[in-house]
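Welcome! Please take a look at the sequence and the structure below, and then read on for a short guided tour.

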Amino acid sequence: MSVPAVCQRLFLCLGTAFLLAGCAPGEQAVQVQAVDTAMGTVIRQSIYITSDSKDSKWGEESEGENTEILTGAREVITSLEEESLSWRIPSSEIGSVNETAGNSQGMELSQKMWEYLQRIWEVSEESGGALDVTIAPAVRAWNMDAWTQNTYTLPEKEEIAKALEYTGYEKVNLESGRIFLPEGMQLDLGAVGKGIACDEILHYLQSRPEVSGAVISVGGSILTYGEKPEGEVWRVGIVNPLNTAEQIGYLSLEGQWCVSTSGDYERYVEVEGVRYHHIIDPETGYPADSGVRSVTVLCKNGMLSDALSTACFVLGTEEGIKLAEQFDAQVLIVDGQGNIHMSTGMEPYVTLKEQRVS
Ligand code: ADP
Ligand code: MG
């Protein structure tokens, strides 16, 4: 099923649940939940709100007040998309950068975008270009929006070759808070946007002292925050890329973490029995063919976990593990044979159903 179709269906059953949960003596925790759509993906929120039990406002009549937290978190994501990240919206910051391609004046970036792009460029350099947000012309050549249509046709080799003339992060000049994008080039922050959303939601939750814990997923990127009421750990499931209805196991996490997964099952089209997925090898312009089916990265920062999950997918098992470790991140990779590979530091967090996936 295409992402938009999933989104539409979930949108119909959008709602909030309101539950009382146990927590420390003298306090009550209320759990509020929502399933929603933004950034072309599904957003799931589960937030625990704590207050002194003496405070009489905690009850059914305060439901609206509590669910306002959910609305606020969703607004963080939609404004991030509309004002900053979306290449589809010309007035967003990335949309505006794309409009300056070829302009010798370049464009002054907001402080936040400047910092994000510098860190993205660092991952590009360390990964030998496996992560490259200038991949946009190649991604456009694959016309992924049309992958749900029966009439879809694959791009010609020449089209991909032409697109690659206009990609390459090293051709972009980032200098003194400005970006100079060469003519014909475009940025697409799809590989890091959901992780950035997790980082922004983390700031939002930190600004709300009544939030005692939360787990929020933005597509394949998940943020855990604070504590569960009865001291349980957060459990983040890992999808079996060979059979996506199942999970291969889960991560047990305490406090604040970000987990991002990139998989060839997330977005793809099958043409004449061949699967073409949405993670492009910047060297070839074709879907990455590194023998990997999914990559799950665990670290404290959302942008980094998302960037690394894409980069490790392109690099494959051995180099992917090395890259993640270089950034003090942990990684779990499922390859095409169903073998599970992990960085050593990942092991304490992982519970697997079986040692091999089928
Ligand atoms: P998802 O968006 O499903 O979470 P990823 O985080 O792996 O998956 O990002 C994939 C998206 O990033 C693609 O849809 C495309 O827009 C863009 N992209 C694809 N390949 C690359 C790459 N090698 N480097 C940077 N961006 C990429
Ligand atoms: Mg990613």
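## The shell around the ligand

How do the residues of the shell around ligand 1 divide into nonpolar, polar and charged? In this predicted model, 9 of them are nonpolar, 4 are polar and 5 are charged.

In total, 18 residues surround ligand 1. The closest are Lys194, Ser262, Glu266, Ile280 and Thr310. If you would like a good place to begin looking, try helix 8, which spans residues 302–315. With 3 residues, helix 8 gives the largest share of the shell around ligand 1.

## Contacts with the ligand

Some of these neighbours can be followed down to single atoms. In Lys194, an N or O atom of the side chain is 2.8 Å from an oxygen atom of ligand 1. Thr310 also uses its side chain: a polar atom there lies 2.8 Å from an oxygen atom of the ligand. For Ile280, the backbone takes part instead, with an N or O atom lying 2.8 Å from a nitrogen atom of ligand 1.

How much of ligand 1 does the protein bury? Taken alone, ligand 1 exposes 560 Å², and the protein buries 94% of that.

## A sheet with a helix packed on it

Now let us turn to the strands. One open sheet has 3 strands in the order 4-6-5, and their pairing is antiparallel. At its edges you will find strand 4 (107–108) and strand 5 (173–175), each of which pairs on one side only.

Strand 5 meets strand 6 (residues 178–180) in the antiparallel sense, over 3 bridges. Within this pairing, Glu175 has Arg178 of strand 6 as its bridge partner. Helix 4, made of residues 111–126, packs on this sheet and touches both strand 5 and strand 6. The direction of helix 4 makes about 130° with that of strand 5.

## Another open sheet

There is also an open sheet of 3 strands in the order 9-10-17, again with antiparallel pairing. Why is one side of strand 9 and of strand 17 left without a neighbour in the sheet? Strand 9 (234–239) and strand 17 (350–352) stand at the edges and each has a single partner strand, so one side of each has no neighbour there. From one strand to the next, the twist averages 25°.

Strand 9 and strand 10 (residues 247–253) run antiparallel and are joined by 6 bridges. Here Val239 has Gln247 in strand 10 as its bridge partner.

Technical notes: Residues are numbered from 1 along each chain as its sequence is written. Chains are lettered from A and ligands numbered from 1 in the order in which they are written. This is a predicted model: local features need pLDDT of at least 70, side-chain atom pairs count only at pLDDT 80 or more; totals for chains, interfaces and linings use all residues. Side-chain values use heavy atoms; hydrogens and water are left out. A residue is near a molecule or strand if one of its heavy atoms lies within 4 Å of it. A polar contact is a pair of N or O atoms within 3.5 Å; within protein, one must be able to donate a hydrogen and the other to accept it, and residues adjacent in sequence count only if both atoms are side-chain atoms. Accessible areas come from the Shrake-Rupley method with a 1.4 Å probe; for residues, only the protein chains shown count as cover. Helices (H or I, at least four residues) and strands (E, at least two) are DSSP runs, numbered from the N terminus. Ala, Val, Leu, Ile, Met, Phe, Trp, Tyr, Cys and Pro count as nonpolar, Asp, Glu, Lys and Arg as charged, and the others, Gly among them, as polar. Two strands pair if DSSP finds at least two bridges between them. Contact means heavy atoms within 4.5 Å. Axes are lines fitted to C-alpha atoms, for helices over the stretch in contact, and angles run from 0 to 180 degrees between N-to-C directions.
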